[in-house]
Each structure stands twice: as structure tokens, then as C-alpha cells.
Amino acid sequence: MADGLRVLIVEDVAAEAELAVRQLIEGGLRCRHVRVDTEKDFRAALRRFRPHVVLSDFTLPAFDGLAALDISRRESPDVPFIFLSGTIGEERAIEALRRGAVDYVLKTNPARLVPAVVRALRDVSERARRRTAERQIRASEQRLRDIVDTAQDWIWELDSTGHYLFSSASIRGILGLTVESVAGAHFRDFLHEEDRTAFVKALAALAGEQRTATGLVARWRHADGEFRWLEGSLRALTGADGLVSGYRGTHRDITERKQQQERIARLTRMLQMQSGVNAAVVRIREREELLHEACRLALQVGGYEHAMIALVAADGRHALPWYRLGTGSEYLADLTFPISDGTEPDTSLIGRALRTGQITISTDLTQSEPPVAARSELVRQGFHSVVALPLIVDGARIGVLALASRETDQLSDEELRLLQDMTANLSFALQYRQKETAVQYLNYFDPLTGLAKRGLFCERLDKLLQNRVGPERAPAVVAFDVMNLSNVNDSFGRHVGDLLLQRVAERLKHHVDNDERIGYLGGGTFVLVPSEADVSAENVTTLLESTVFHDVFHIEGRAIRTSFKSGIAHYPTDGEDAGTLAQRAEAALKQAKDSGEQYLHYQIQMHSDIAERLALEHKLRIALDEQQFVLHYQPQINILTGRIESVEALLRWHDPTQGLQHPALFLPVLEASGMIVPVGEWVLQEAVKECQRWRSAGLGPVRVAVNVSAQQVRRRTFVEHFLAAAGSCAAAGFGIDLEITETGLLHDMEGASRKFRELRTAGMRIAIDDFGTGYSSLGLLSKLPVDVLKIDRSFISGLPADRASVTLVSSIIGLASAFHLAVVAEGVETLGQLELLRRLRCNYSQGYLHSRPVPAAELERMLAAQTARAAGRAAHVEKRSG
């Protein structure tokens, strides 16, 4: 700027322009200026004068400041544009900044002009310097790209979130993928799910002092669907602040080397498994324990992911699952395996093994032969092969040891011989083992944890109480729950939850000196009789915290940390028999969970409180089965037109004995019991049914908003079920919308956001209910695809007298306007509130001023009256125009 700063001033008053120039000169800025006040002159000055900065009034008689801003942004985008005005308001200022102005200065505050101009010029200079650097970087990158494209290894770069920013062309030779298909994708899309945790940990470790990692081996999906073994080296990329901004690495294909290593390792495992079974045959005297040990060895030593013992039923015509261990076994509980007599084809691998007495193998479950029971379920869970090993005692085929694997390689002849020898040794040992039948076992023990069920536990405890002698301390019963088990099941699958319970049981058995003092009551609840030294609540809590729950549980490559809550009942104060003690320990546990306490002792009033809650839960289950729930609808009024444009569906319970019940009395029980999910599905179906009926009757158009809980949203099939129910209702202004509270979104913001986007694409609108009462309102607006904010009634009740309420409501409406969201005010009860909301430009009003929540029939009358009024007005207008 050797000839001085060139300032283009859009101003219709010459004196105002001179004042601005004088302010710049006094601030040390030598400048030349041109003043214009029409669009034509402004365009010409941009071309000829080539200003360094534009100063513009907001309102001119023959021109408009925003129009000048738009022209400047199109024709001279690098020239900073500053509004210098005495009339600009906050809303206009926000709009100006949104459209590209760099600042605005009030004429009443001229001292801000020079700093604003200096800052704008500095920003322009910085951008120019950055563009020059970028050109140089691009040239350097091209040289590097040429080097990368000729390399045989796959070279890649990730951003800090794990998405690919760059991939070398060698990925085609390694994974059969194109560079374009990888760009922008997340590394998880190509990495085997079992290797993702290790890879994520390796990336996380790079954030520490060790910024490089080598020798990381993992499976990556090839374009043909198969997985290849790649060995990689990683490096963290850091920004100027020293924080990790991304990752760069190389990978090479080591599949053949890995497969050879795995073949050797598998054969070694087979030898070790055979050796373990042979040792168990000598060591273990009980048949059931021997079979359990064989399954355990198959998983922990042999490397199989699932092992099952199926025993031939009494009729000899089918086999039933008796014991199963490993992942993905839930579906087997109700299966039967028919045994053909040779006249009919086999329907299962186990049936064929029992019919022929030969080892039967399916090395590729995607093929239809040989027959495999529950083939599709096995494939869905990732299993690739199954082998059925018949157990033969005195010439009779008594059962099968079935092993399933996710490995894809064929079994070698050496492995088959080892399996055959192992099965022969196991069968020989079973001839000399006698004990109770499988049915007796399952009557007394939980097959998942191997612990005593309630009946056996209470039987053992009663014996313990009867055999007490001398000054022994009175025993106690502790019931404890594994917390967040349902979250584990929802997040990782039920089989992971089962494995977690098994690990808890294993640790419990390891740290309790007598297995007869522990049991499993189902639903994640364990029961324990502490030793005399540990009988106090504090000691029991310390025992569980320091042993069972001290370390994380490593399950299928996941690190799962969980905790417990417990309830304690003391003999004889809280009960004189085992059954009563166990029930009252459970009652104390229930109270501890409800109150948030780590543990609680049983108290008499707990029994009545829990009984009352269970009774209500029972009545609500009956209410759902017998259709005692009803929906009432409360209109949402367009404040400008006074028209009902939407309604909120509100749940009510018509108790046959006590009449219509408000949801505040029963919603907490629905939430705590999990019944909120089926009840929520009923609400959606009922609202859709009414919406379709109103549309068929010509009432409306009107949209129906239904409330959903966080439990519903977390379900994997939430979007699928919602669209299946509500999709048919979306047409001609009708539709189903979704309301959820802020606090209901905090547990899984990312998952909820993804699901809501799918629903919006299908025409649903998303509303945040009770806005302003949660913890992260601004964060929600920036992360969630939201259409509507509903201001909580607690903020509306103070209007119009309470200034704090006015300020708060005005701020929420302004915030919603900035994000282009509609606003519904809840709990509007007075004309004064409605008038203030109209002045604040609130969109919709909902509350008793307009209508209480009403049954569907009454709402239909309101909609019909509204439709009739609209038709009358239209006829009147048509008559006048005629």
C-alpha cells in the first residue's frame, strides 16, 4: 500500500464519509477514499478504484448495505466489508455477519473503526500469505505423490477421527479397492471387527510420547469380501499445538505367511487340547465335569469359539442341547436335532453324526450340504465351520461334541486324526462315569454360570442354618446385581452379556472358598453367603470390589468395566429360613438400585414399597394387554393464523378401578421396567391410525407429535420400526413427528443424530421437548438434526410479568431463529402470555388457553369446526371476487 490505503465508502451523506476518513487518518492510517451512494457507482468503483476495504452504511435512500455486501462478495471476495452505521440492530448485525461482513461499527462508537479496519487488513494479508504457502505445498505434495504411487506398500493418511484423507494407488493390488472408494471412509469400514479394538488402542497410544508403532498385524477386508492379513507401521501427525491431528502409515500383505503360521498354531492347539482331554480323563471322575472340561479345553486350548454337548433323548429319535460354552449360543436353547433312521434325509450335522457314528464336518457353512441346523444363524454370527464328534459308550451313540469355528481354512488330515483320537478317549472314559442325568443337573444348576439355582441355593443355606453350632456369628445373605448389564446386551449383543456373567461367576468361585455359598437367581442377580469374617456389609462390599469387580473384563477384544449394587438380609432378624432371607436380600437390592446406594440392609418397609411397585407394574402389563391405555391430544396453534397445525399425542391410563390416570403416576414405572418400549410402540401405532382417519375424513391437514423415550431410540431397529409404522401417514401436510427430551439424548448423541437424520429424510420432524431444562442445549442444536424447540412450561409460567422469564424466552426464540428452527411454547394459559409470545415471534402456542388434552373424538370436532370456518371464508372471498 505504498500509495496509501484505498477506502471505498458507501454513504449518502458526504460529511459522514469525511468523519470516517478523518478517524482513519487520526488512527495512523494514510488513505485515499471514494464515496458512492448508488449500485452503479459502487460496481464501477470496485472495478476501477480497487479498494483495500469497503465501509458501508446499512440504509441509503437509493441503495442498500446488504445489497452492496452481496455485490462485494461476488465481485471482490478478498476485499473486507465493514458496516459503519448508526441504525443497525442486533438481528441485522447477525444477518450481516452471516452473509460475509467481517465486522460492524456503530457511528456512535468511532473509536472501534481503526482497530476493525486494521484487523480486517491483517486477515486479508494472512489469507494471501497462506495461499502462496499452499501453492508451494501442493508442488511438494505432487513430488511426494509420484514417489508414493510407485511404492508397493499401501501408504495412507487418516484425520484425527479415523477417516482416510489419502491412500496410495497400491491399495488396488493389496485390497482390490480404488483410491476413490477409500477417500473419506473410516478405517473401521475395512478392518475386521475383532481387530478394531487393538488398532484403536494403537492409534490412541500414539498420542503419548511414543509417536510411532511398528509390527501391527490385523485383518483387512478385500474387495472380494475375504480378509487379508496386513502388517503395518503407524506414525502420529501433530499440529503446531503439539496435539495429534492425524495419522500416517504403511501396510504390506503378509497373508500367506500368516496362514502358514496359523496352520502350525492350530495343529499345536489340537495336540494340546488332546493332551488336556487325556489328562482330564484320568483326573476327573464325574461325567458332567468331564464333559464340561472337554468343552472348556476346546475353547481355551483348541481355539474353537463355541462348543456344545448334545445328548440323545430317551426316545432315541432326537438329541437335545445339554451344555454349551462360548459365543453365539443363545439360539441353541430350544433346538432339537432329529436322528434319521436312514429312510429320511438328515436335517442336521449332529443328526448325521449320530446316525452314522462318524465324525461329520461342514467346512463352509455358506454351502447347503452337508445339512446344518440353524445354518443361517451360525453364518450371521460369523461362524464358518462346524465339526460334530459322536460320543459312543458301549456301542451306543449317546451324544455329540459339536465344535464351531470362525476360521476359514480346511481341517487337515492331521487335525482330523487328532480329533478322532480325542473323541475315542473321551467316549472310553464316559463308559466308567455315572452320575445324575442332564435333566437333574439343569434342574439344580444354571447352565450359563454353572452356579446353583434358587432352589438348590436355598436348600444348601437351610442346611447351613440347621448345622450352626456354638458362638458362630449369625450368617447373612447378600444379593448383588451386575450393573449396566442391559447396556452391554444392547451395545455388544446378548452373548457378550452372557460371557460377562460367566466371568463374574468364575471370579466369584475363585475368591469364595466354598461354591455351596454362592448361587445365581437369573437376570444378572447373584446371591452369596459370606464367610464369618466377611459378614458385615462393608466387608462384603470390599470383597466384591477388590476381587470380582476390581479388574476390567476382557471379552471378545472389548474391555468392559462394570460394578455392582447389593442388598443384605441377616439371620434371624430378617428371616429364619433361606427362602425368606433370599427374598429380603433381593428387596434390599432393589431399594439400593432405586436409591443409588452401593448397598442397603433390609428394612421392613422395603417389602411393602417394593410390593406396591411390583403390583403397579403388574397392573400396567395388564393395561397393555387389555388396551386400557388411551391417547389424548393437545393442539399446537399457529400464533399468526390461530390455526391448529399440529397436535401432541399424550398417554393416559384408564384404570378400571380408579379411572383416568395421569402419566406422572405410572411413567416412571414404565421406564424402570422397560415397558416404555412396547407402550411407546403402541402410542406410535395408535397415533398413526388416528392421523390416517383424520386425513380420510378431510380434517386438517394436521401433524401428530409422539413422545419417544431414550430406551426406544437406543434400539437398533428403532428407525426401521418407526418408518414402517409412520411412513404411510406422511402426505399432503399430514405426518408423524417425534419429540424427545434433552436429557434423553445425552447417552448416545452420535447414534441418535444418525437415526434422526434417517427419519427427517423420510419426512418426519424432530422436536426437542422441555428445551432449556437439560445440560447441553447449545451442543444439541449444533449436533442434532432438529426442526422444533419446545420451550418448557416452567419458563412460560412467569410471562409476561417476570423479566428474567421474558429474557430467557426471548433468548431461546432468538437462538432458534438463528438455527432456522420453529418454536413451540408449552403451558400457555393467559392472553398476556400469548400476546408477548406473538411480539417475540414465537411460532406456535400450546396450553390450556387453547385447549386441555382431549380425546380423539373431541379433537375431531375441533378440526371439523376449523375446516368448516376455512371453507366458509373461502366461499365468502370467492363470492366477493365474483
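Let's begin with a cluster of charges: Asp70, Glu95, Arg98 and Arg99 are linked in a network of salt bridges. What you have in front of you is a predicted model, and such pairs are a good way into it. Side chains of opposite charge can pair when their charged atoms come close. Across the model, the count of salt bridges comes to 43.

One of them joins Glu75 and Arg43, whose closest N and O atoms are 2.5 Å apart. Glu75 belongs to helix H3 (residues 65-75) and Arg43 to helix H2, so this pair ties together parts that are 32 residues apart in sequence. Both partners are partly exposed: Glu75 has a relative accessibility of 36%, and Arg43 has 23%.

Helix H2 takes us on to a sheet. It is an open sheet of five strands, ordered S2-S1-S3-S4-S5 and paired in parallel. Strand S2 (31-36) and strand S5 (103-106) are the edge strands; each has a single partner strand, so one side of each has no neighbour in the sheet. On average, neighbouring strands here are turned by 25 degrees against each other, direction ignored. Strands of a sheet pair through backbone hydrogen bonds, either parallel or antiparallel. For a look at one pairing, take strand S1 (residues 5-10) and strand S3 (residues 53-56), which run in the parallel sense and share four bridges. Within this pairing, Val7 has Val53 of S3 as its bridge partner.

Two helices lie across this sheet. Helix H1 (residues 14-26) lies across S1, S2, S3 and strand S4 (81-85), and runs at about 160 degrees to S2. Helix H2 (residues 39-48), the one that carries Arg43, lies across S1, S2, S3 and S4 and runs at about 170 degrees to S1.

Now let's move further along the chain, to another charged pair. Asp481 forms a salt bridge with Lys593, with 2.6 Å between the closest N and O atoms. Asp481 sits in strand S17 (residues 476-482) and Lys593 in helix H19, so the contact ties together parts 112 residues apart in sequence. Is Asp481 buried or exposed? At 7% relative accessibility, Asp481 counts as buried, while Lys593, at 35%, is partly exposed.

A third pair is formed by Lys790 and Glu648, whose closest N and O atoms are 2.9 Å apart. Lys790 is in strand S30 (residues 788-791) and Glu648 in strand S25 (residues 644-655), so the pair links distant parts of the chain, 142 residues apart. Lys790 is buried, with a relative accessible area of 1%, and Glu648 is buried too, at 4%.

Finally, some backbone details deserve a visit. A cis peptide bond joins Tyr571 and Pro572, with omega at about -5 degrees. Pro572 has its place in the loop between strand S22 (564-570) and helix H19 (578-595), the helix that holds Lys593. Leu799 and Pro800 are also joined by a cis peptide bond, with omega about -5 degrees, and Pro800 is in the loop between helix H27 (793-796) and helix H28 (803-818).

Which sign does phi take at Glu556? It is positive, about 50 degrees, although Glu556 is not a glycine. This residue is in the loop between strand S20 (553-555) and strand S21 (558-560), and Glu556 is partly exposed at 32% relative accessible area. Arg841 has a positive phi as well, near 70 degrees. Its loop lies between helix H29 (831-839) and strand S32 (844-846), and Arg841 counts as exposed, with 63% relative accessibility.

Terms used
Residues are numbered from 1 along each chain as its sequence is written. This is a predicted model: local features need pLDDT of at least 70, side-chain atom pairs count only at pLDDT 80 or more; totals for chains, interfaces and linings use all residues. Side-chain values use heavy atoms; hydrogens and water are left out. Two strands pair if DSSP finds at least two bridges between them. Axes are lines fitted to C-alpha atoms, for helices over the stretch in contact, and angles run from 0 to 180 degrees between N-to-C directions. Contact means heavy atoms within 4.5 Å. Buried means under 20% relative accessible area, exposed over 50%, partly exposed in between (1.4 Å probe, protein chains only). A salt bridge is a side-chain nitrogen of Lys or Arg within 4 Å of a carboxyl oxygen of Asp or Glu.
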